[in-house]
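Let's take a walk through this one together. Have the viewer open and follow along.

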Amino acid sequence: MESLNSATFDAIRLLATGDSELWGIIGISFRVSTTAILISIPPSLLLAFMLANGRFPGRRLLISVFSTLLSLPAVVVGLTLYLVLSRQGPLGDLRLLFTQSAMVLGQIALCVPILVAMGHSAFQAADRRAWETARTLGASPLRALLTVMHEVRFGLFAVLLAAYGRIIAEVGASMMLGGNILNYTRNIPTAIALETSKGEFSQGIALGIVLLLLAFGLNGLLHYFQGKGRFAT
Amino acid sequence: MTSFVNIQFSNLSKRYRRRSILDGVDFKLHKGQCTLLCGTNGSGKTTLLRIMAGLEKPDTGTISTGLGEIKWRSYRRALQAKIMYLHQHPYMFDATVRQNIAYALRHGYSAAERDKHIDEALQWADLEPLAGVSATTLSGGESQRVALARAWLRAPAVLLLDEPMANMDQESRLRTHALLRQLKSEGMSIVLTSHDELQFQSLTDRQLRLKDGRISTDSIQTQAENVSAFPIGQTARHHTA
Ligand SMILES: Nc1ncnc2c1ncn2[C@@H]1O[C@H](COP(=O)(O)OP(=O)(O)OP(=O)(O)O)[C@@H](O)[C@H]1O
Ligand SMILES: [Mg+2]
């Protein structure tokens with residue numbers, strides 16, 4: 001397949017020469033996903049901690065709900081939010097559909113279950129005495145929480161990386177909620193889908209390379225942290 | 001809540017599953033006294049201590065101070081600043097010994113003052129050589145000394161210790177004993193548990209025995225002669241709680 005070879009060369013050329021359209025798409029991807037995960041982290045980790053350490057009615061139910069949501073298909077999230085945000089939907093007046101905000105909302109819906117369910121497991125690995133010691137030494141609940149987070153930081157890093165890895169490569173929700181508008185809501189996965197369907201492979205391959213490198217990078221970090229976590233205990 | 005000590009726990013009970021562990025415990029915490037809580041394995045010593053520390057909620061019972069009865073919630077909130085609980089195996093944060101001790105420091109000090117207080121605490125517990133070591137690698141006896149240094153630095157009104165000398169060699173025991181004596185002489189009320197009644201005789205003002213979920217004797221002991229095994233410098237306190 002001679003055209004594939006030339007498309008790959010083209011892809012590398014696009015990446016290397018700093019093609020503005022290509023790098024714009026990459027920027028949108030990172031901006032949207034980073035915003036989504038930063039918004040999701042505080043409430044999700046707080047909930048994860050409460051699920052791991054609290055005793056309140058409905059705790060078990062919440063845990064199983066979030067573990068179920070872990071495997072929620074992105075297109076279902078996309079569809080649900082689409083209906084909510086569309087003109088006739090309950091939040092239609094906000095005019096959020098086909099904006100970056102809608103994409104952020106979709107990605108929040110996708111990464112919160114990961115952060116909560118996996119964060120819950122990470123917090124369960126913490127020694128109960130960590131919290132109790134922090135409190136008895138006079139720490140406020142917030143400071144004690146931060147202390148416990150520090151104690152299980154390697155596990156939590158793994159959770160964050162898993163969540164980020166999912167939302168940055170997710171195509172279904174971004175496509176439906178963002179609308180794949182160039183220079184605005186077109187991110188890496190939706191661009192790949194579009195370019196491929198048009199038969200223009202070079203940009204798709206270039207973006208695929210970026211995702212692949214990102215996956216390698218995240219995995220490398222993950223192994224690094226897990227290795228550290230093992231030695232630390 | 002100024003006179004936090006002289007606090008009375010009445011009719012405390014606690015069950016786990018359907019098993020009754022504590023069943024009508026009456027206990028008064030006297031200011032400045034050292035109380036030994038003994039009893040066989042599983043008699044509920046740790047449970048009672050954790051209730052006093054606010055870490056475990058009793059099923060029934062009342063708590064009152066000189067000002068009258070207080071609710072469990074307000075007890076928990078008030079004791080946070082006043083009571084300190086040391087686990088049988090003290091927990092060391094994943095940080096250096098110095099940082100572990102610094103955690104106990106109250107707020108409102110300048111960086112220089114903090115350093116000075118931490119240095120004093122390290123010296124007090126004879127931990128200077130270990131200051132930069134990762135605390136998670138310490139031995140049981142060394143961790144116990146870090147925990148005591150935290151207590152010294154924090155200076156709570158009440159110090160609760162769960163079997164502070166279990167699994168310790170003779171030298172560590174003497175050392176711990178001396179450190180506890182210091183804390184007591186500074187006015188801390190101390191409650192400690194042990195299944196060995198003799199171990200703390202020279203330190204304790206009274207001994208209580210937990211049996212069948214109740215306190216069976218509440219004997220006031222005449223205080224034995226103070227025989228400090230280890231000379232310890234550094235008696236002047238640098239702050240008050
Ligand atoms: N969280 C818990 N869940 C269920 N049972 C518990 C719990 N904590 C304590 N128990 C039970 O309560 C009883 C008393 O425990 P506790 O730890 O207070 O005894 P102890 O006097 O401190 O014993 P030891 O001398 O061995 O330390 C034990 O039989 C224990 O199994
Ligand atoms: Mg015990």
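**Where the two chains meet**

Put chain B and chain A together and about 1,800 Å² gets buried between them, with 47% of that on carbon and sulfur atoms. On the chain B side, the residues that lose the most area to chain A are B:Y91, B:D94 and B:Y103, which together make up 41% of what that side buries. As for head count, the contact takes 19 residues from chain B and 19 residues from chain A. Bear in mind as we go that this is a predicted model.

Let's take chain A by itself. How many helices and strands does chain A have? There are eleven helices and zero strands. Written out along the sequence, the pattern of chain A is α-α-α-α-α-α-α-α-α-α-α. Taken along the principal axes, the C-alpha atoms of chain A fill a box of roughly 65 × 50 × 25 Å. Chain A has 233 residues, and buried ones make up 43% of them. Its accessible surface comes to about 11,700 Å², and 68% of that belongs to carbon and sulfur atoms. Look at the contacts in chain A with a separation of 6 or more, and you'll find that 73% are between residues 24 or more positions apart.

For a local example of that, zoom in on A:A36. This alanine sits in helix α2 of chain A, which covers residues 20-53. Is A:A36 buried or exposed? With a relative accessible area of 0%, A:A36 falls under the 20% cut-off, so it counts as buried. Who is around it? Setting aside neighbours within four places in sequence, A:A36 is in contact with A:V104, A:Q107, A:I108, A:C111 and A:I167. Take A:Q107 from that list: A:A36 and A:Q107 are 71 residues apart in sequence, yet the C-alpha to C-alpha distance is 5.9 Å.

Next up is A:Q100, in helix α5 of chain A, residues 100-124. A:Q100 has a relative accessible area of 17%, and because that is under 20%, A:Q100 is classed as buried too. Beyond its neighbours within four places in sequence, A:Q100 is in contact with A:I28, A:R31, A:V32, A:Y184 and A:T185.

Two loop residues in chain A are worth a stop for their backbone angles. A:R95 has a positive phi of about 55 degrees although it is not a glycine. You'll find A:R95 in the loop between α4 (74-85) and α5 of chain A. A:R95 is exposed, at 55% relative accessible area. A:N180 is the other stop: its phi is near 60 degrees, again a positive value in a residue other than glycine. A:N180 lies in the loop between α9 (172-178) and α10 (188-198) of chain A, but this loop residue is buried, with a relative accessible area of 10%.

Now swing over to chain B, where there are six helices and ten strands. Of the 241 residues in chain B, 52% count as buried. About 11,100 Å² of chain B is exposed, with carbon and sulfur atoms supplying 47%. Among the chain B contacts between residues at least 6 apart in sequence, 71% join residues at least 24 apart.

For a look inside chain B, pick B:Q144 in helix α5, residues 140-154. B:Q144 has a relative accessibility of 3%, so it counts as buried. Not counting residues up to four places away in sequence, B:Q144 touches B:L86, B:Q88, B:P90, B:P164 and B:M168.

Last stop: ligand 1. Which residues surround ligand 1? They are B:Y16, B:R19, B:I21, B:T40, B:N41, B:G42, B:S43, B:G44, B:K45, B:T46, B:T47 and B:E163. By type, this shell divides into two nonpolar, seven polar and three charged residues. Some polar pairs stand out for a closer look. An oxygen atom of ligand 1 is 2.7 Å from an N or O atom in the side chain of B:K45, and an oxygen atom of the ligand is 3.0 Å from a polar backbone atom of B:G44. B:E163 has a polar side-chain atom 3.4 Å from an oxygen atom of ligand 1. On its own, ligand 1 has 630 Å² of accessible area, and the protein covers 63% of that. The elements giving two or more residues to the shell are β2 (19-29) and α1 (45-52) of chain B, and α1(B) gives the most, with three residues.

How values were computed
Residues numbered from 1 in each chain as written. Chains lettered and ligands numbered in written order. Predicted model: local features only at pLDDT ≥ 70, side-chain atom pairs only at ≥ 80, totals over all residues. Heavy atoms only, no water. Helix = DSSP H or I, 4+ residues; strand = E, 2+ residues; numbered from the N terminus. Buried < 20%, exposed > 50% of the residue type's maximum accessible area, 1.4 Å probe, protein only. Contact = heavy atoms within 4.5 Å. Near = heavy atom within 4 Å. Polar contact = N/O pair within 3.5 Å; in protein donor to acceptor, adjacent residues only side chain to side chain. Areas by Shrake-Rupley, 256 points an atom, 1.4 Å probe, with all protein chains shown as cover. Nonpolar A, V, L, I, M, F, W, Y, C, P; charged D, E, K, R; others polar. Buried area = accessible area lost by both parts, 1.4 Å probe.
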